[in-house]
Amino acid sequence: MLFFWVIIFGIVNKSIAAKYGIPYLFLAPEYLGDLSFWSYTIMGFSIGGFVMAFNITSYVVNSTRFPFVAALKNPFVRYCINNSLFPLLFMVYYIYQVVLFHVQSEHTPLHQIVIFILGVVIGYSINVIFSLTYFLTTNKNIFKALGILPDIDESKTINSLFSRDEELFKFLKRKRKWHIESYLYTPFQIKLARDISHYDKNMLKSIIKQNHLNASVFEIVIFASLIVLGLFSENPFFVIPAGASVMLFFTIIFILTSAFYTWLKGWSTIVFIGLFILINLLSKQPFFSYANKAYGLNYNTEKADYSIKTLDDFRSNIEQHEKDKKNTINILNNWAAKNKKNGKPKIVFINTSGGGSRSTFWTFYSLQHTDSLLNGELFKHIHLITGSSGGMIGASYFRELYLEKDHLKASIYDKSFRMNTAKDLLNPIAFSIATNDLFIRLKKFKDGDYTYTKDRGYAFERQLLLNTDNLLNKRLGDYTLPEQQARIPIMILSPTVINDGRRMLISAQPISFLSNNIPMKSVNNQPIVENFEFRRMFKNQNPDNLKITSALRMSATFPYIMPSVSLPSEPLINVMDAGMRDNYGTLTTFKYIYTFKSWINENTSGVIIINYRDKLKLKDIEDNPLKSISENFAQPIGSLYGNLFPVQDYNLDDMAQYLSYAIDEPIDIIDFELDNNRDEISLSWHLTTKEKEKILNSIYSDKNQLAIQRLLELLNN
């Protein structure tokens, strides 16, 4: 139980999960899209629920070690008073950190901070008062049971080291008995613990059991409230702040712990371990499986054959490759016709990095800002967009605005659109985890002819649509014609297959040529298939009906936060974040350019590759001080993950040099870098006010201003 206090103290003081923005969910909880008195009231109320669950669980587990409590008036209240050290310390520390956060990071006016703190205190007090009132009116003590007044009881105090009837050595010989001399009767009044040996033991046991029963009823009410919240999760009024959802999750764990101990006593640990093993085994069975699905796909038909033979057939189908190349050449010709003015145009490719909401906001804003400076010429020149995770969400949203610009009420450069990409996505995810995903997933929804289970993947997509005014509520096939007509750039998503690390390429166009790695000229080897087409692999599962939000989610599936997506294949494959293999989509871009090198050489005056990065490319070399044994033990794994993206950069920079042998005209690579070298902006689906400001200000850095100037020169010449 104390372990959870360690966790929440660590979160609030930013020593746990700070890189992923978890502390901000507690310090800046959003409700209905804003920081307010009500958001902090809900946060305070959830902390109160956690505290009361902690007290109840502690009381259920430990009350038999304090039998004298049953003889007190309002025994549970007395127990809570004596168990209040950690709750009080946390509340004081939490309020201090909230004030510090708003003063240092948000520049919030003093009166507003006071309102927020009042919200925390009021929410906390409401929960605690309500809970204690329930126990005051239901719990019995020995005086009620015997029908006597507390003042009449003449029992003596429990023997202590300074007042005892037994020898010291006998006292020291006692084992497994907690020696109690005094207790807090009120927060400001100390009383001596009294000897209860003259009371009927069966009566005492019945009182403790009755108090436990009342605690169980209280816990059932909380658990039922959780289920009700989950049932109404699509109503924004019921979607509580993400920090409150985390507290709710911990509260439920306390409740389950208490329930196990109430029912099983000393067997609880063994039964819990056994139940965990049983659930783990049952979860592998179809009936108990809650695999997340890609919405729009048909999971009811025959499964796709995901095998080495199938992948080799795709790769070796030269006739199909040539057919798909012709389709792409037609798109390139349409693109060239749109951009021909004075001579051959520059062809532009966009690569955008992953990084949660910070990349979504940064990519969208960078595209919006630079395109506005070029009066729309930048997006006209873009032929292909690729990348991973949050960056692709931002690019996809801007592409959709560009496609629908004639039907919008505001300019695509309007501030409201970029602020849409900065809206919270984490609250509904965390809320779904706490109220639905970890227990019984009760709700289903229909998408056309198909039925799916609602989980945090569904919550993410739904909130993304709400944040973007439902503009992304489209299918993969809806983009086939606009891309063929070169009205918008082609977009290729590349989530990573967990089974074998391959990249699954999702596009509205046939792109089988990107899976071709047949040995050329004098190369003699047996290459492994690296890429495969989503639409071709799942041709019998209605791939064009895939919701574009599901395609984006597959590319942005950060482990644990989002569920990995299971696809209808045999064997079953799961996909996750594209950044695990290629965080910027550069592999796709380079292979695409190489495939159409002849057309590019003949019809363009050069290639511009724009990289939207969520952090600086050149990092200072970190110091490597002497490490402890535990740090040395963790270093290999930490180094592997920490250097994952720099290693990709090393390889891709080398590949760019080799690409130059295939392209006659200049290849200009321009980086727009978010000033986030020390990870001040968290890797999360939630942005604080300060983080949003930092992202907006990054476009005006010297390096990014030089990048803009260079881009203007290249496209205006």
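Helices here are DSSP runs of H or I with at least four residues, and strands are runs of E with at least two. The model is predicted.

**Exercise 1. The whole protein**

State how many helices and strands the protein has, and what share of its residues is buried.

*Solution.*
- Step 1. The protein has 28 helices and 17 strands.
- Step 2. Buried means under 20% relative accessible area. Of the 717 residues, 53% count as buried.
- Step 3. Now the surface. The accessible surface comes to about 34500 Å², and carbon and sulfur atoms account for 60% of that.

**Exercise 2. Two packed helices**

Decide how helices α18 and α19 run relative to each other, and list the residues in their contact.

*Solution.*
- Step 1. Locate them. α18 covers residues 426-437 and α19 covers residues 456-467.
- Step 2. Take the geometry. The two pack at an angle of about 150 degrees, and their axes are 8 Å apart.
- Step 3. Apply the cut-off. Angles over 145 degrees count as roughly antiparallel. α18 and α19 are therefore roughly antiparallel to each other.
- Step 4. Add the handedness. The crossing of α18 past α19 is right-handed.
- Step 5. List the contact. α18 supplies Pro428, Ile429, Ser432, Ile433 and Asp437, while α19 supplies Arg456, Ala459, Phe460 and Gln463.
- Step 6. Sort by class. The contact has 5 nonpolar, 2 polar and 2 charged residues.

**Exercise 3. Threonine 363**

Is threonine 363 buried or exposed, and which residues does threonine 363 touch?

*Solution.*
- Step 1. Threonine 363 sits in helix α14, residues 356-373.
- Step 2. Its relative accessible area is 0%, so threonine 363 is buried.
- Step 3. Leave out residues up to four places away in sequence. Threonine 363 then touches Thr352, Gly391, Ala395 and Tyr612.

Note on methods:
Residues are numbered from 1 along each chain as its sequence is written. This is a predicted model: local features need pLDDT of at least 70, side-chain atom pairs count only at pLDDT 80 or more; totals for chains, interfaces and linings use all residues. Side-chain values use heavy atoms; hydrogens and water are left out. Axes are lines fitted to C-alpha atoms, for helices over the stretch in contact, and angles run from 0 to 180 degrees between N-to-C directions. Angles under 35 degrees count as roughly parallel, over 145 as roughly antiparallel, 65 to 115 as roughly perpendicular and the rest as oblique. A crossing is left-handed if the near helix is turned anticlockwise from the far one by less than a right angle, and right-handed if clockwise. Contact means heavy atoms within 4.5 Å. Ala, Val, Leu, Ile, Met, Phe, Trp, Tyr, Cys and Pro count as nonpolar, Asp, Glu, Lys and Arg as charged, and the others, Gly among them, as polar. Buried means under 20% relative accessible area, exposed over 50%, partly exposed in between (1.4 Å probe, protein chains only). Accessible areas come from the Shrake-Rupley method with a 1.4 Å probe; for residues, only the protein chains shown count as cover.
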